[in-house]
Amino acid sequence: MKYVIGNDHGGIDLYQPVKEVLENLGHEVIHVGTDSRESVDYSDYASLACEKVLNGKADFAILICGTGLGMSMSANKIDGIRAAAVSECYSAKMSRAHNNANCLCIGARVIGNETAKMIVSEFASTEFEAGRHQRRIDKITELEKR
């Protein structure tokens with residue numbers, strides 16, 4: 001699988017640990033985030049990363065900012081993106097298994113490196129269960145059309 005990582009200045013410290021986890025799991029990583037601690041706008045990086053998912057250049061996006069919330073709010077405005085702001089492993093698993101999330105959002109200021117690694121590993125190793133959950137995903141897609 002291919003993952004795109006987008007981060008703002010607040011998420012810079014988690015970029016490398018997240019990248020390492022994905023590569024250790026055998027995934028390819030594309031980086032579209034900032035490499036600077038200078039203030040930037042998270043929405044710009046959410047857009048860049050999500051565009052890679054929508055145009056098929058990546059299968060999933062991982063967005064990192066200070067809390068994960070700004071990235072999540074931005075990403076969820078983009079049709080076709082189902083972004084989950086997550087700070088623990090169970091939600092990471094359920095975001096894939098039941099919600100078919102194609103974008104994981106985490107906050108470098110609210111979780112540490114080890115927690116981030118566990119969350120990313122859980123997200124990357126969980127498959128969408130489909131079945132009854134597909135009906136709900138279809139309804140989310142319908143909401144985007146309103």
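Ala130 is partly exposed, with a relative accessible area of 28%. The model is a predicted one. Ala130 sits in the loop that joins H5 to helix H6 (132-144). Its phi is near 55°, a positive value in a residue other than glycine. Most residues other than glycine have a negative phi.

Asn100 also has a positive phi, near 50°, and is likewise a residue other than glycine. Asn100 belongs to the loop between helix H4 (89-97) and strand E5 (103-107). With a relative accessibility of 18%, Asn100 falls under the 20% limit and therefore counts as buried. Asn100 is in contact with Ser95.

Ser95 is itself part of helix H4. Its relative accessibility is 3%, so Ser95 counts as buried. Beyond its neighbours within four places in sequence, Ser95 contacts Ala84, Asn100, Ala101 and Phe123. Phe123 is one of the H5 residues that take part in the contact between H4 and H5. Ser95 is among the H4 residues on the other side of that contact.

The packing of helices on H5 was examined next. Two packed helices are described by the angle between their axes and the distance between the axes. For H4 and H5, the angle is about 20° and the axes are 8 Å apart. Angles under 35 degrees count as roughly parallel, and H4 and H5 are therefore roughly parallel to each other. The crossing of H4 past H5 is right-handed. From H4, the contact draws on Cys89, Ala92, Lys93, Ser95 and Arg96. From H5, it draws on Met118, Ile119, Glu122 and Phe123. By class, the residues of this contact are 5 nonpolar, 1 polar and 3 charged.

Met118 lies in helix H5. At 48% relative accessibility, Met118 counts as partly exposed. Met118 and Cys89 are 29 residues apart in sequence. In space, their C-alpha atoms are 6.6 Å apart. Both residues appear in the contact of H4 with H5, Cys89 in H4 and Met118 in H5.

H5 also packs with helix H1. Helix H1 spans residues 12-24, and helix H5 spans residues 113-124. Their axes are 9 Å apart and meet at an angle of about 40°. This angle is outside the roughly parallel range, which is under 35 degrees. H1 and H5 are therefore oblique to each other. H1 passes H5 in a right-handed crossing. On the H1 side, the contact is formed by Asp13, Leu14, Pro17, Val18, Val21 and Leu22. On the H5 side, the partners are Asn113, Ala116, Lys117, Val120, Ser121 and Ala124. The contact of H1 with H5 comprises 8 nonpolar, 2 polar and 2 charged residues.

A further serine was examined in helix H3. Ser74 is located in this helix, which covers residues 69-75. Ser74 is buried, with a relative accessible area of 14%. A polar atom of the Ser74 side chain lies 2.9 Å from the backbone oxygen of Gly70. Leaving out residues up to four places away in sequence, Ser74 touches Tyr42, Ser43 and Ala46.

How values were computed. Residues numbered from 1 in each chain as written. Predicted model: local features only at pLDDT ≥ 70, side-chain atom pairs only at ≥ 80, totals over all residues. Heavy atoms only, no water. Axes fitted to C-alpha atoms, helices over the stretch in contact; angles between N-to-C directions. Helix = DSSP H or I, 4+ residues; strand = E, 2+ residues; numbered from the N terminus. Parallel < 35°, antiparallel > 145°, perpendicular 65-115°, else oblique. Left-handed = near helix turned anticlockwise from the far one by under 90°. Contact = heavy atoms within 4.5 Å. Nonpolar A, V, L, I, M, F, W, Y, C, P; charged D, E, K, R; others polar. Buried < 20%, exposed > 50% of the residue type's maximum accessible area, 1.4 Å probe, protein only. Polar contact = N/O pair within 3.5 Å; in protein donor to acceptor, adjacent residues only side chain to side chain.
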